[in-house]
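Open the model in your viewer and colour it by confidence. Keep the selection box to hand.

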Amino acid sequence: MMAEKSILWNHFGSEWYMNKKKKGGLSTTPDISKLVGLVAGILTILGCLVGVVRYINTLRNDIDYLTDKIDAQNTQISSLESSFREEIQQVSQDMDSFSDDMSSVKEIITALSVKVFDYRPTVFFASAITSTYDGVDAPYSSESPQISAMSYVVYSASNPEREYTAAEVAEQPLLLPYTENGNEVYFYGQLDSAGNWDGRCIVNIYDGNVLQLITDAMYDGGTLLSCKQAFPDTVTSGEDVWVISERKVEDGFSTGETYRYFRSDDYTKSFSLDNVEPDDILNVDEFSAQITSTLEGYYCGEISDGQYNDDSGDAYFVKFFQDGTVRTLYVGNFKDGQFNDQTGTAWMIGKLEIGASYSFYQGPFKNSVSSRDSCYWEEPISTDRIQEILKEFGFTSAVNLNWTAGSSI
């Protein structure tokens, strides 16, 4: 081998020999390293390609998921839009219907304002109103003319020859101003188809512009359920008062409460027969809310013919001084507005003037006069003794009982 190498080297030279070795494919360490590096690079590229492919697949899945979510949201939004459009359409229809209803109401109100408030009572109906409502406790005891369905009750103020029967104006609110016995009378109420008083019927009576009486009655098909009245009065002791009466019909009797307030002024109106409106008509609650004075008297019991009439033994009456203290407390029977009780169980606590001491009496009464026999009297008594007496009788009052100024028991 060495001889061959020497011959080749000598014949061709060293360069040829070296090149021949390279081309002859004999492996060397540098060639293997290059091959390994090439393979590693290829593998790295393949790994990157695999990673890219996986990322693309993951991205595609995410995009598909988001696409599904967006489609679902779009479907939900479309549904909401459809529902919203339906709601808007329904509201629009309701508004149109409401507008139509309001137009109908306006037409009805216009018709009523022309038809109802243009009426005036016939002579017959004016007499029926006055006889029913113009007296204290009148709705309970009045014998007014009988009204039937065919009775002519009103006529047109603009056409007096046109009269209407009770049946024709049934269930309509009638505002009827007229004069009778020198007074101005204002009726506001209605009749049913049979000609009965029905619902709430209010009458205001004025002497000139000064209020004389409010009668505020509630009916059900001609049956009187309750009645309130307000009117000015002067009591036997000389005080001017406003009387507010609230009564109910029970077992054929009128029972309830009567309040009397000190009165210093009259109540005057600011309208006339020709320009009265429904709002001008006073009911009793509206009127009593305007009273600011203190109580002069209070009665709880039955009333008939406009007077205190009660033989139950449970009726009572309280009279006050202007400083608010009790002047008289009476519990017992009443007849024609007087203390009348012969049972011996009626009793009274009272005094004649502010600053005096109270006395207690239990015994007979006739026309509000008690016996002078001292056996029936206990005097003077203290406020502590008054409380003992009230407790002994088990008595309670619907109004405050002030026995000393500024106190209440």
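This tour takes in confidence, then two pockets.

**Stop 1: confidence.** You are looking at a predicted model. Select the whole chain. Its mean pLDDT is 84, and 82% of its residues reach 70 or more.

Now select residues 1-12. The pLDDT stays under 50 here. This stretch has five contacts beyond four places in sequence in the model. Move on to residues 20-27, where pLDDT is again below 50. Beyond near neighbours in sequence, residues 20-27 make two contacts in the model. Where pLDDT is low, do not read the predicted coordinates in detail.

**Stop 2: the largest pocket.** Select Thr236, Phe317, Lys319, Phe339 and Ser368. Of the 42 lining residues, these five are the closest to the centre of the largest pocket. The space here comes to about 1,200 Å³.

Which strand gives the largest share of this lining? Select residues 223-234 to see strand 8, which supplies four lining residues. Next, colour the lining by residue class. You should find 16 nonpolar residues, 16 polar and ten charged.

**Stop 3: the second largest pocket.** This one has a volume of about 300 Å³. Its lining is made up of 15 residues. Select Thr132, Ser144, Gln146, Trp197 and Gly222, the closest of them to the pocket centre.

How does this lining divide by class? Keep the class colours on: eight residues are polar, six are nonpolar and one is charged.

Technical notes: Residues are numbered from 1 along each chain as its sequence is written. This is a predicted model: local features need pLDDT of at least 70, side-chain atom pairs count only at pLDDT 80 or more; totals for chains, interfaces and linings use all residues. Side-chain values use heavy atoms; hydrogens and water are left out. On a 1 Å grid over the protein atoms alone, a cavity is a set of points where a 1.4 Å probe fits but cannot get out, and a pocket is an open set with protein on both sides within 12 Å along at least five of seven lines; lining residues have an atom within 4 Å of a point. Grid points are joined across faces, edges and corners, and a volume is the space filled by probe spheres set on the points. Helices (H or I, at least four residues) and strands (E, at least two) are DSSP runs, numbered from the N terminus. Ala, Val, Leu, Ile, Met, Phe, Trp, Tyr, Cys and Pro count as nonpolar, Asp, Glu, Lys and Arg as charged, and the others, Gly among them, as polar. pLDDT is the predictor's confidence in each residue, from 0 to 100. Contact means heavy atoms within 4.5 Å.
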